[in-house]
Amino acid sequence: MNITGRLTRDAEVRTTSQDKQVVNFSVATNDSYRNKQGERIEQTTYFDCSYWITPNVAKLLTKGTLVELSGRVSTRAWTGNDGEPRAGLNFHTSQIKLHGGGKKSETAQATTSTNNSKAEDDLPF
């Protein structure tokens with residue numbers, strides 16, 4: 001399954017009791033459709049995501065970054081502190097494709113633009 005959305009918070013790296021590292025982050029996806037009355041309905045779905053392959057990707061996953069994820073989805077249910085039943089969606093991520101938009105990607109783009117202008121000055125034509 002593939003989903004595309006924006007990170008709602010910066011990614012965090014956690015270490016399990018078996019000394020494995022996992023990157024945890026949250027993604028919001030948006031969808032819209034028209035109901036029978038012709039009204040446009042906007043719907044946002046939130047996914048709690050985990051990525052087990054390498055923790056190094058966490059520094060690139062900042063709030064606001066647009067990402068395309070491949071993986072599988074699962075559900076979880078629990079009882080909240082108020083005694084009310086709750087439910088959520090987990091996305092077990094196997095592949096991440098960055099499309100930019102986060103805090104660090106803006107810095108990287110600015111750096112790249114500066115470097116490109118210097119490189120253009122060195123062109124022989």
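**Briefing: an exposed alanine, a hairpin and a nonpolar core**

Alanine 77 counts as exposed because its relative accessible area is 68%, over the 50% cut-off. Keep in mind that this is a predicted model. Below is a quick tour, starting from that alanine and moving on to the β2–β3 hairpin and the core.

**Around alanine 77**
- You'll find alanine 77 in strand β5, which runs over residues 66-79.
- Leave out residues up to four places away in sequence, and alanine 77 touches Arg86 and Ala87.
- With alanine 87, the sequence gap is 10 residues, while the C-alpha atoms of the pair sit 4.3 Å apart in space.

**The β2–β3 hairpin**
- Strands β2 (residues 12-15) and β3 (residues 21-34) pair up antiparallel, with four bridges between them.
- Valine 13 has valine 23 in β3 as its bridge partner.
- Five residues lie between the two strands of this hairpin, and in the turn aspartate 19 has a positive phi of about 60 degrees.

**The largest nonpolar core**
- This core has 16 residues, and the ones touching the most other members are Val23, Phe25, Leu61, Leu69 and Ile96.
- At least two core residues come from each of β1 (2-7), β3, β4 (40-51), β5 and β6 (85-100).
- Val23 thus turns up twice here: as the bridge partner of valine 13, and among the core residues that touch the most other members.
- Setting aside neighbours within four places in sequence, phenylalanine 25 has a list of contacts that includes Leu61, Leu69 and Ile96.
- Also among the contacts of phenylalanine 25 are Leu7, Arg9, Ala11, Phe47, Asp48, Cys49, Tyr51 and Thr93.

Methods. Residues are numbered from 1 along each chain as its sequence is written. This is a predicted model: local features need pLDDT of at least 70, side-chain atom pairs count only at pLDDT 80 or more; totals for chains, interfaces and linings use all residues. Side-chain values use heavy atoms; hydrogens and water are left out. Two strands pair if DSSP finds at least two bridges between them. Buried means under 20% relative accessible area, exposed over 50%, partly exposed in between (1.4 Å probe, protein chains only). Contact means heavy atoms within 4.5 Å. A nonpolar core is a set of buried Ala, Val, Leu, Ile, Met, Phe, Trp, Tyr and Cys residues joined through side-chain atoms within 4.5 Å.
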